[in-house]
2 protein chains.
Amino acid sequence: MNRNDELQLKEYLAGRKALIDATLDGLLPDEELCPPVIFQAVRYSLLAGGKRLRPILCLAAAEAVGGDSKTILPVACALEYIHTYSLIHDDLPAMDNDDYRRGRLTAHKVFGEDIAILAGDALLTEAFHLLTRKELMPGIPPEYILTVTAEIAAAAGWFGMVGGQVLDVRSEGKKVDLETLQQIHRLKTGELIRVSLRSGAILSGASTEMTASLSDYGRQIGLAFQIADDILNVEGDRVLLGKQTGSDAARRKVTFPSLLGIEASRAHAESLIKEALKSLASFDDRAAPLRLITGYILERKS
Amino acid sequence: MNRNDELQLKEYLAGRKALIDATLDGLLPDEELCPPVIFQAVRYSLLAGGKRLRPILCLAAAEAVGGDSKTILPVACALEYIHTYSLIHDDLPAMDNDDYRRGRLTAHKVFGEDIAILAGDALLTEAFHLLTRKELMPGIPPEYILTVTAEIAAAAGWFGMVGGQVLDVRSEGKKVDLETLQQIHRLKTGELIRVSLRSGAILSGASTEMTASLSDYGRQIGLAFQIADDILNVEGDRVLLGKQTGSDAARRKVTFPSLLGIEASRAHAESLIKEALKSLASFDDRAAPLRLITGYILERKS
């Protein structure tokens, strides 16, 4: 990525992150409401400085097809609710048993396991509340909202994110081949990233072809993102990442680097990024942010 | 309740339960699909012989306002998914730590804590999938489906069921007054029962007044049901109940009997049932099942 692109991307991502952070904050109930601890736990986890990749992709997809990204902010935020719930539950002692996330203690370390489970449950439930309160998205046809909500539920459910997590917890310590590893990642993170792009497109009235192209782009960057994640777990800086590096190896977790080696993993991610750019071939300049984001996937440090 | 009513009610509930059980079974993916363990855990918990109270109320509300209950079976099943997820998560070691439910080992005892958490997550997510797949409910206006989905999410979320569970786990061993106890029950079980009735009415195009009356009925029987539950926990038969009796007392959990005594609790439940019947005053004979169900609330043995 050249210096100019890099600056543009940095500015774009920071602007979008600020918009999404402010919207998330505004949508959440105050910490003082009853029962207060659930709102403290939800705010702690949701406003902990995530990258906001899924909402950013949702808004960028809307703009790429000529839509108005401001209108669909509730959907972008719902995607972040779902992502955050999955992190809280994945970190639980019965799952990955992680003490740190985004540079801070995990929710169950701060609020207890019971409240962490319930904070995840609340975020998942409220995501669907946010998606279906049609008064929050005036002007969007109810049919579009229903389609998108059903697609998001499918991407997060037993044939999506939950299914991927089940495969993942059941694979630890076992011999996993490349095909299974790709399936785990596709389900666990890929489907939600893909549906983030599809949602932005569908809500903006995009054609089936455009939606399918953005879907391909989502699938490709989703897997590239996960490979980059695995590489960062080996090579990354603990301080920048905000969590322990080397944790995959310590847990004898199968990753792309452990199966293919670092160099071949990087090459695989790069070829996926090239494919992702090809998927955007028929789009005009309004897809510029999506093109820039491909650079971020490989070069990010956290 | 007279003998004739009793027989009629028994037949009605059994017929409805059979219909809902068959629909739940048909909607669930096979146990062999990948990852298999999640479908085993979901089938184990969902098809464990629950009373199906929430779906039965949803269908009965639709019929009471002249609607077609068959059309809205997916919504009735989604309500049971949400109820079942809440039981799985409530039973977890970090929450109520219960080993038995509906006469069988709880999900986490059979499948492990990680899979139990994920089975709950899957059921909650798939409930919203079921609610929003408009092809499952042809002929129902998308606006109605959106309204109902948003109301169900609200009833299950942080100002509903999850909020009630938070209050509940944070109240154990503390001094709880009657007002707080009523609030816990309203949030933890009342809101979902109430929205079950509202959903059936709204999807059938009921007037605001009729929906409000069914809503009142739901609030009243919901609380009466919970009081009856507390009484059963003291006086019930462990075999019929399928779970340990006296567990509330052992856990020093505040209940209606512990605050008011058994007799005053029973009187309170009876007066709520009278109110519930009054809420149905303007309905014709199509509300007969709802009227019969009030008898079941107080006289059930499990």
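This report walks through a predicted model of two chains, A and B, beginning with how the chains pair and ending with some unusual backbone spots.

## How the two copies are related

Let's start with the overall arrangement. A turn of 180° with a shift of 0.0 Å along the axis lays chain B on chain A, and the RMSD of that fit is 0.0 Å. The two copies are thus related as by a two-fold rotation axis. If you would like to find that axis on your screen, look for B:Pro142: of the residues of chain B, its C-alpha comes closest to the rotation axis, at 3.0 Å. The same surface serves both copies, as 100% of the contact residues of chain B recur in chain A.

## Where the chains meet

The contact takes 40 residues from chain A and 40 residues from chain B. On the side of chain B that touches chain A, the elements giving two or more residues are α2 (36-46), α6 (113-132), α7 (142-156) and α8 (161-171) of chain B. Which of these gives the most? That is α6(B), with 13 residues.

As for chemical character, the residues on this side of chain B divide into 24 nonpolar, 8 polar and 8 charged.

## The nonpolar core

The largest nonpolar core has 190 residues, and the members that touch the most others are A:Ile38, A:Ala119, B:Ile38 and B:Ala119. It is worth zooming in on one of them. Leaving aside residues up to four places away in sequence, A:Ala119 touches A:Ile38, A:Ala41, A:Val42, A:Ser45, A:Ile88 and A:Ala107. A:Ile38 thus turns up in that list of contacts, and A:Ile38 is also one of the residues touching the most other core members.

## A helix pair in chain A

Next, have a look at helix α14 (residues 262-279) and helix α15 (residues 288-299) of chain A. Their axes come within 10 Å and cross at roughly 170°. How do the two helices run relative to each other, parallel or antiparallel? An angle over 145° counts as roughly antiparallel, and α14(A) and α15(A) are therefore roughly antiparallel to each other.

From α14(A), the residues in this contact are A:Ala269, A:Glu270, A:Ile273, A:Ala276 and A:Leu277, and they meet A:Arg291, A:Thr294, A:Ile297 and A:Leu298 in α15(A). The residues of this contact divide into 6 nonpolar, 1 polar and 2 charged.

## Unusual backbone spots

Most peptide bonds are trans, and most residues other than glycine have a negative phi. Here are some places to check against that background. In chain A, a cis peptide bond joins A:Cys34 and A:Pro35, with omega of about -5°. A:Pro35 is found in the loop between α1 (3-27) and α2 (36-46) of chain A. In chain B, B:Cys34 and B:Pro35 are likewise joined by a cis peptide bond, with omega of about -5°, and B:Pro35 has its place in the loop between α1 (3-27) and α2 of chain B.

The other spot is an arginine. A:Arg52 is not a glycine, yet it has a positive phi of about 65°; its place is in the loop between α2 and α3 (53-64) of chain A. Is this loop residue buried or exposed? A:Arg52 has 23 C-beta neighbours inside 10 Å and so counts as buried, the cut-off being 20 or more. In chain B, B:Arg52 has a positive phi of about 60° and is found in the loop between α2 and α3 (53-64) of that chain. B:Arg52 is buried too, with 23 other C-beta atoms within 10 Å.

How values were computed: Residues are numbered from 1 along each chain as its sequence is written. Chains are lettered from A and ligands numbered from 1 in the order in which they are written. This is a predicted model: local features need pLDDT of at least 70, side-chain atom pairs count only at pLDDT 80 or more; totals for chains, interfaces and linings use all residues. Axes are lines fitted to C-alpha atoms, for helices over the stretch in contact, and angles run from 0 to 180 degrees between N-to-C directions. Helices (H or I, at least four residues) and strands (E, at least two) are DSSP runs, numbered from the N terminus. Angles under 35 degrees count as roughly parallel, over 145 as roughly antiparallel, 65 to 115 as roughly perpendicular and the rest as oblique. Two residues are in contact if their C-beta atoms, placed from the backbone, lie within 7 Å. Ala, Val, Leu, Ile, Met, Phe, Trp, Tyr, Cys and Pro count as nonpolar, Asp, Glu, Lys and Arg as charged, and the others, Gly among them, as polar. A nonpolar core is a set of buried Ala, Val, Leu, Ile, Met, Phe, Trp, Tyr and Cys residues joined through C-beta atoms within 7 Å. A residue is buried if 20 or more other C-beta atoms lie within 10 Å of its own, exposed if 12 or fewer, and partly exposed in between; C-beta atoms are placed from the backbone. Copies are superposed by least squares on the C-alpha atoms of residues with pLDDT of at least 70 in both.
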